[in-house]
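Thanks for coming, everyone. I'll walk through one structure this morning, from its charges to its core. Please have the view open in front of you.

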Amino acid sequence: MTILIDQPELAVEVEKEVLVEELVLDGGFLAPETNSFGHTFRAYDAESERQAGVENFYRINHISQTYDFVQKMREEYGKLDKVEMSIWDCCELLNDVVDESDPDLDEPQIEHLLQTAEAIRKDYPNEDWLHLTGLIHDLGKVLLHPSFGELPQWAVVGDTYPVGCAFDESIVHHKYFEENRDYHNPAYNTKYGAYSEGCGLNNILMSWGHDDYMYLVAKENKTTLPSAALFIIRYHSFYSLHKSGAYKHLMNEEDAENLKWLQIFNKYDLYSKSKVRIDVEKVKPYYLSLIEKYFPANLRW
């Protein structure tokens, strides 16, 4: 079944602060109670055909994501010397990618991108930057593709978290951090670790994956998306912050403002996952127009 989502014709312009409040309270998008497998969303301990694989993914992820590893990956991939490609071509590369860390869906990633973007577009037709953010937020998962180094899943997907300070207990499958060498390093295992209070998330090293990579791609290719969009791209998998409220002692004022937008976005990122199909050819011209507005024709990846 194909569902086409129409864009409302009228939109009321309001100031940013008012808009944020409206978006938080708006009931246009109805979140389903269960995911594609009949379980509650993000139920990492629920018995399902994917549960064992998801837990093993996090075991490897938590053991391997160290401060030194993240520095190495940011240095290597920050060069953006892998390929040159358009945003849309990159979207199409995700057709064969399934996220092993996600207990809620086993559909190809291109479906999730369009489901997220179209759900946002329906509720908030005047915020085109947020529509595009929905489309591109997971594009960093191309790191799984051979052209981008074919990194293992544990270095690309999954919840993200700071490295260089204590791993908060709200992080999914926290117990496996005990095998991470930073867990026992006094320079990195305290509340602040290598950082200081209010230093700003921009000065924090996050576990390496598709979030940080796509942030680097967008920033270094001089996107004209607003700072809130870059914040969403970089921290949308940082659930211990935007769901559990951890690590706020490291945030600055700009982070606090952008977090409002991330919490708005998260509803669509998480709960739009379904078996509902989007007519790609129908919506493609609209998203190509947004890509042209906010990005150069070809990007360095």
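**Charges, rings and the core**

Start with K82: its charged end sits over the ring of Y77, 4.7 Å from the ring centre. Before going further, a caution: this is a predicted model.

Stay on K82. This lysine also forms a salt bridge with E76, and the closest N and O atoms are 3.4 Å apart. Buried or partly exposed, this K82? K82 has a relative accessible area of 29%, so it is partly exposed. E76 is partly exposed as well, with a relative accessible area of 30%.

There is another charge over a ring to look at. R121 lies over the face of Y286, at 3.8 Å from the ring centre.

Now the salt bridges. How many does the structure hold? The count is 10. Take R74 and D212, whose side chains meet at 2.6 Å, N to O. R74 belongs to helix α3, residues 67-77, and D212 to helix α7, residues 210-220, so this bridge ties together parts that are 138 residues apart in sequence. The accessibilities are worth a glance. R74 is partly exposed, with a relative accessible area of 23%. D212 is buried, with a relative accessible area of 2%.

D212 has another partner. R234 bridges to D212, with the closest N and O atoms 3.0 Å apart. R234 lies in helix α8 and D212 in helix α7, so that pair ties together parts 22 residues apart in sequence. Both R234 and D212 are buried. Which residues end up in one network through shared partners? They are R74, D212 and R234.

On to the aromatics. The structure holds 16 aromatic pairs. One of them is F57 with Y58: ring centres 4.8 Å apart, planes at 85°, so edge-to-face. The cut-off for edge-to-face is over 60 degrees. F57 counts as buried because its relative accessibility is 4%. Y58 is at 0%, so Y58 counts as buried too. Next, Y161 and F167. Their planes also sit at 85°, with centres 5.9 Å apart, so this pair is edge-to-face. Both Y161 and F167 are buried. Ring pairs also build a cluster, made of F231, Y235, F238 and Y247.

Now the core. The largest nonpolar core has 89 residues. Which of them touch the most other members? L135, W208 and W301 do. Helix α8, residues 227-235, gives the most to this core, with 7 residues.

Zoom in on W208. Setting aside residues up to four places away in sequence, W208 touches a long list, including F69, V70, M73, L143, L151 and L216. Two names from earlier are also among the contacts of W208: R74 and Y77. So look at that patch again: Y77 carries the charged end of K82 over its ring, and R74 meets D212 in a salt bridge.

Last stop, helix α5, residues 109-123. Does its length come out short, long or as expected? At 1.5 Å a residue, its 15 residues should span 21 Å, and the end C-alpha atoms are 22 Å apart, which agrees. How much of α5 is buried? The helix is mostly covered, with 14 of its 15 residues buried.

To close, go back to the network of R74, D212 and R234, joined by salt bridges that share partners. Then find W208, one of the residues that touch the most other core members.

How values were computed
Residues numbered from 1 in each chain as written. Predicted model: local features only at pLDDT ≥ 70, side-chain atom pairs only at ≥ 80, totals over all residues. Heavy atoms only, no water. Core = buried A, V, L, I, M, F, W, Y, C linked by side-chain atoms within 4.5 Å. Buried < 20%, exposed > 50% of the residue type's maximum accessible area, 1.4 Å probe, protein only. Helix = DSSP H or I, 4+ residues; strand = E, 2+ residues; numbered from the N terminus. Contact = heavy atoms within 4.5 Å. Expected span 1.5 Å × (residues − 1). Phe/Tyr/Trp six-rings, centres within 6.5 Å; stacked < 30°, edge-to-face > 60°. Lys NZ or Arg CZ within 6 Å of the ring centre and 35° of its normal. Salt bridge = Lys/Arg side-chain N within 4 Å of Asp/Glu carboxyl O.
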